Amino acid sequence: MTSGSTTVASPWFVRPPAAGHAARIFGFPFAGSGASAFSAWPAALGDAEFCPVQFPGRENRLAHPHHGTYENLAAGLADALRPLLDRPYAFFGHCAGALPAYETVLRLAGLGLPTPECLFVSGQPAPHDAAGDRMLAMTEAELRAEVEAFLRGRGIEPRPDMVDLGLMVLARDHAAAAAYRRTEPVPVPCPVVVLHWRDDPDVGLDRLQGWRRYADSVEFVSLDGGHYDFMDAPDELRNVLTRRR
């Protein structure tokens, strides 16, 4: 199942996926961020290589045109994923990153390509409930305060140029989120595991229930921590990912 060497240089991945792992888990970052959101994660989770996805228009892909819509993102990523679907895999998407992860599953299924063993969605309401994201209604000043608070929460003193760059990426991501509309659920052909963070004040367990309509098998798991604690790859999260991968 894992024989052969698969080394693909692609801007969609911050490092070439390696051979030798039985499976892969692809990580989708949240709005305004990039693959560095997973910088504290290990390179492997159990027998699965962890592969952070890098969206265009940020970090080392800042010069690449923004995807514009989640559908465009899914189309581009599906092509990049083709050579990497030679073994079992899963998607993990946090917050708004869960939505392009979901759309990519649909895109792969539509192309007749192998689909994930599991779709993990973390701290994100279902696609037909996504328009209720409070950040989409924030003013620039409110978003600036949000970005600064996030950076301080990660132990980083925010510099104005750093915040300006973050706001630029966030604005483009929010435009894509605002344009996204799924009025009716379209189920995916794989189990969905919905991750709820107990200390997340914005996305309670009740706001996640819409995912029940997106797969034949939908499991809800509550984890200790707040909205951004996934960035530290806590053991409880790792155990869920390796158990259900």
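## Briefing: helix crossing, sheet and internal spaces

In this predicted model, the axes of helix α3 (residues 140-153) and helix α4 (residues 160-179) come within 10 Å and cross at roughly 115 degrees. The crossing of α3 and α4 is right-handed, and both helices also supply at least two residues each to the lining of the largest pocket, which holds about 940 Å³ of space. An open sheet of 7 strands with mixed pairing and 3 cavities of 30 Å³ or more complete the picture set out below.

**The contact of α3 with α4**

- On the α3 side, the residues taking part are L143, R144, V147, E148 and L151, and they meet M162, V163, D164, L167, L170 and H174 of α4.
- Sorted by class, the residues of this contact divide into 7 nonpolar, 1 polar and 3 charged.

**The largest pocket**

- The largest pocket contains about 940 Å³ of space, and of the 40 residues that line it, F30, A31, G32, S33 and F150 are the closest to its centre.
- Helix α4 gives the most to this lining, with 6 residues, while α3 is also represented by at least two residues.
- The lining of the largest pocket divides by class into 21 nonpolar, 11 polar and 8 charged residues.

**The sheet and the helices packed on it**

- The strands of the open sheet follow the order β2-β3-β1-β4-β5-β6-β7, and their pairing is mixed.
- Strands β2 (44-45) and β7 (218-223) stand at the edges with a single partner strand each, so one side of each is left without a neighbour in the sheet.
- Strand β4 (residues 89-94) and strand β5 (residues 118-122) run parallel and are joined by 5 bridges; at one of the positions in this pair, H94 has S122 in β5 as its bridge partner.
- Helix α2 (residues 98-110) lies across β1 (23-28), β4 and β5, and runs at about 150 degrees to β4.
- Helix α5 (residues 235-244) also packs on the sheet, where it touches β1, β2, β4, β5, β6 (192-197) and β7, and its direction makes about 160 degrees with that of β7.

**The enclosed cavities**

- Of the 3 cavities of 30 Å³ or more, the largest holds about 70 Å³ of space, and the second largest has a volume of about 60 Å³.
- The largest cavity is lined by P29, F30, A31, F55, H67, Y70, A96, G97, P100, D173 and A176, a set with 8 nonpolar, 2 polar and 1 charged residues.
- F30 and A31, which belong to that lining, are also among the residues closest to the centre of the largest pocket.
- Around the second largest cavity the lining consists of Y70, A96, L99, Q124, A130, D133, L136, A177 and Y180, which by class gives 7 nonpolar, 1 polar and 1 charged residues.
- Y70 and A96 appear in the linings of both the largest and the second largest cavity.

Notes. Residues numbered from 1 in each chain as written. Predicted model: local features only at pLDDT ≥ 70, side-chain atom pairs only at ≥ 80, totals over all residues. Heavy atoms only, no water. Axes fitted to C-alpha atoms, helices over the stretch in contact; angles between N-to-C directions. Helix = DSSP H or I, 4+ residues; strand = E, 2+ residues; numbered from the N terminus. Left-handed = near helix turned anticlockwise from the far one by under 90°. Contact = heavy atoms within 4.5 Å. Nonpolar A, V, L, I, M, F, W, Y, C, P; charged D, E, K, R; others polar. 1 Å grid on protein atoms, 1.4 Å probe; cavity = no way out; pocket = protein on both sides within 12 Å on 5 of 7 lines; lining within 4 Å. Points joined across faces, edges and corners; volume = space filled by probe spheres on them. Pairing = 2+ DSSP bridges.
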